[in-house]
Amino acid sequence: MSSESKEQHDVSPRDSAEGNDSYPSGIHLELQRESSTDFKQFETNDQCRPYHRILIERQEKSDTNFKEFVIKKLQKNCQCSPAKAKNMILGFLPVLQWLPKYDLKKNILGDVMSGLIVGILLVPQSIAYSLLAGQEPVYGLYTSFFASIIYFLLGTSRHISVGIFGVLCLMIGETVDRELQKAGYDNAHSAPSLGMVSNGSTLLNHTSDRICDKSCYAIMVGSTVTFIAGVYQVAMGFFQVGFVSVYLSDALLSGFVTGASFTILTSQAKYLLGLNLPRTNGVGSLITTWIHVFRNIHKTNLCDLITSLLCLLVLLPTKELNEHFKSKLKAPIPIELVVVVAATLASHFGKLHENYNSSIAGHIPTGFMPPKVPEWNLIPSVAVDAIAISIIGFAITVSLSEMFAKKHGYTVKANQEMYAIGFCNIIPSFFHCFTTSAALAKTLVKESTGCHTQLSGVVTALVLLLVLLVIAPLFYSLQKSVLGVITIVNLRGALRKFRDLPKMWSISRMDTVIWFVTMLSSALLSTEIGLLVGVCFSMFCVILRTQKPKSSLLGLVEESEVFESVSAYKNLQTKPGIKIFRFVAPLYYINKECFKSALYKQTVNPILIKVAWKKAAKRKIKEKVVTLGGIQDEMSVQLSHDPLELHTIVIDCSAIQFLDTAGIHTLKEVRRDYEAIGIQVLLAQCNPSVRDSLINGEYCKKEEENLLFYSVYEAMAFAEVSKNQKGVCVPNGLSLSSD
């Protein structure tokens, strides 16, 4: 009898129609269209199918000595051999595995094409996102260059594009601005307003003998945060704590990115209007920034405003065309680069900075600056900020890697991805870079343009290298308003999530609420607090789902051994005197009262029955007083209770993943209460963990383990046999013999 494999979980009326494919052929269930309790009963002359007990012998667990276990593990992990050293090196540098096997004829064209296109897109985006991170444009180019090279060496995904990501740039920028203010730098000037920084020591720029200016200190803060975030990510990979990312659900991440997008849009508004405003941080910075914008709206630079509107009119329609015709276009139109070149030429020859005081990018140096260690004195100030940055960075990178690996039929190693993204932050932090991660938009472009391997990342790095060595100074006259428009236009994907809300609501209302709470808290409070609120609220929702889970009575599908919810399906058969109850959640201290109330409500409440019996007994007891020789005797006629129609309750434990001590105590209490009114309680389909908990918790004695049934049908058959043999209910099925 393979009834255990046929047991189905309880489903809601909406979901159950989708689950019909899993039933054997010939079994047809019709969903309930209205709440009806008119179910088909077994005929009284129907006999239960032949009853056969399922007996399974448990595996014997070997007694493991903890000391021996640790020694064995250490010997396995610490011993060194040429083969193990080779595997370790190949595992840490995946490029050594796939590059020697590279199919030049098959892959080179797609990799070169996708690398060129992503590189062209990265040039304007790197410059634009540098402003968002509070850095000079050249540092954004450095960041994208080093990230592409390092991920090529260490990454296991063939398709993701690692580089600048808007949300991380925003978080870096908030930290940089806070530290600039603490160090005494005036936002409106490049020189520090104080000669001494907060720690009391004068900071020197090691490339010269002058005092470190605002730009120098900003990248010092950014690279220090990046270094600490990378250390966190490598540590998470080393200790294999990638499970942290499971607390960041898709709904939470989507809401967080959308909420952060509003903050990004707000931070770029001043560039579109040409306003010179201080950047606000902390709780409510979005509202504060808009208040500052409207208070200074009369100072709008008309040249920047007109430039912004013209760029929007060009970028938005072209981006939409790229997306609409992406299946027909061999490569997307690099409209951002076209706009940057055209705007730079117009600004240069029109002398917009000199004539209209338009804000421009300024000098972008060529070549690379000498490496510099992060500022260790800043670590205590930015260590907490780096936690959220590192978690968001690796969560997005790992999720995108797994998504595209599943799509293209290969596997990625989550821990190696954490190493890769960690070193993409640690190593570049010595070369004046800030935090990177995978980015969805650029990854989609990379995939759609024929990428096969991470060799495309090398091509992207070569494009950026060409810009850094030769072309960068030509962007001197580029208006910052153009860069702000590019940043805002790239937020379309995150802001479009609002269109998906009706579908998300129909699939999962709880996920939609999580999305809204995370989005609003990220936008209205701050990105870090929003992430924390989202995680806490998401975990609360998980607890809430198990606190009040679904429960139902089950009926038998005709001509099968499958049981389903009588509230979800029609034409299910129920056996007189037997009720089968399913609880769809772990049974632990949070929902134990919900379990009892649902069970008592859908079957019978033993406590109320006992109370009713006591009241009936008091009414029916007759007292006879016989006085003989002055002696008064009282005689009571004891009440004989009529047996209940219900004689067995079967609890389907297939959806109970685990029990705690409170859950075991609740089952004991339920069993005792029903036994007191003559109803036996049987447990069916307990998984091994639940069975062990019941035995260790002394729910049943060793010789009573056979009362934990392997299938609901087996338990129902046992109840019928015990009823027929006894003639009356046998409490808890402990004995079938008559007195």
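**Entry 1: the nonpolar patch**

I started with helix 22, which gives the most to the nonpolar patch, with three residues. A reminder to myself before going on: this is a predicted model.

Who else is in the patch? I listed Val283, Ile287, Ile291, Phe498, Phe516, Leu520, Leu524, Leu525 and Ile529, which together make a nonpolar surface patch of about 710 Å². Next I checked which helices supply at least two residues each, and found helix 11 (285-295) and helix 22 (509-524).

I picked out Ile287 for a further look. Ile287 sits in helix 11. Is Ile287 buried, exposed or in between? Its relative accessible area is 46%, so I wrote it down as partly exposed. That fits the cut-offs, because partly exposed covers what lies between 20% and 50%.

**Entry 2: the sheet**

Then I moved on to the strands. I found an open sheet of six strands, in the order 5-4-7-10-11-12, and its pairing is mixed. Which strands stand at the edges? They are strand 5 (563-565) and strand 12 (708-709); each has a single partner strand, so one side of each is left without a neighbour in the sheet.

I noted a helix against this sheet too. Helix 26 (residues 661-676) packs on it and touches strand 10 (648-652) and strand 11 (680-684). I also looked up the angle: the direction of helix 26 makes about 145° with that of strand 11.

A general note for my own memory: strands of a sheet pair through backbone hydrogen bonds, and the pairing can be parallel or antiparallel.

How do strand 4 and strand 7 run? I have them as antiparallel, with four bridges joining strand 4 (residues 551-556) to strand 7 (residues 578-583). I followed up one residue here: Leu554 has Ile580, in strand 7, as its bridge partner.

**Entry 3: positive phi in two loops**

Last, I looked at backbone angles. Asn571 caught my eye with a phi near 60°, a positive value in a residue other than glycine. Where is Asn571? I found it in the loop between strand 6 (569-570) and strand 7. Asn571 has a relative accessible area of 51%, so I marked it as exposed; the cut-off for that word is over 50%.

Glu698 went on the page as well. Glu698 is not a glycine either, yet its phi is positive, at about 60°. I traced Glu698 to the loop between helix 27 (688-696) and strand 12, the strand I had already put at an edge of the sheet. With 63% relative accessibility, Glu698 counts as exposed.

Notes. Residues are numbered from 1 along each chain as its sequence is written. This is a predicted model: local features need pLDDT of at least 70, side-chain atom pairs count only at pLDDT 80 or more; totals for chains, interfaces and linings use all residues. Side-chain values use heavy atoms; hydrogens and water are left out. Patches are made of residues with over 30% relative accessible area and no salt bridge: like charges are joined within 9 Å, nonpolar side chains (Val, Leu, Ile, Met, Phe, Trp, Tyr) within 5 Å. Accessible areas come from the Shrake-Rupley method with a 1.4 Å probe; for residues, only the protein chains shown count as cover. A salt bridge is a side-chain nitrogen of Lys or Arg within 4 Å of a carboxyl oxygen of Asp or Glu. Buried means under 20% relative accessible area, exposed over 50%, partly exposed in between (1.4 Å probe, protein chains only). Two strands pair if DSSP finds at least two bridges between them. Contact means heavy atoms within 4.5 Å. Axes are lines fitted to C-alpha atoms, for helices over the stretch in contact, and angles run from 0 to 180 degrees between N-to-C directions.
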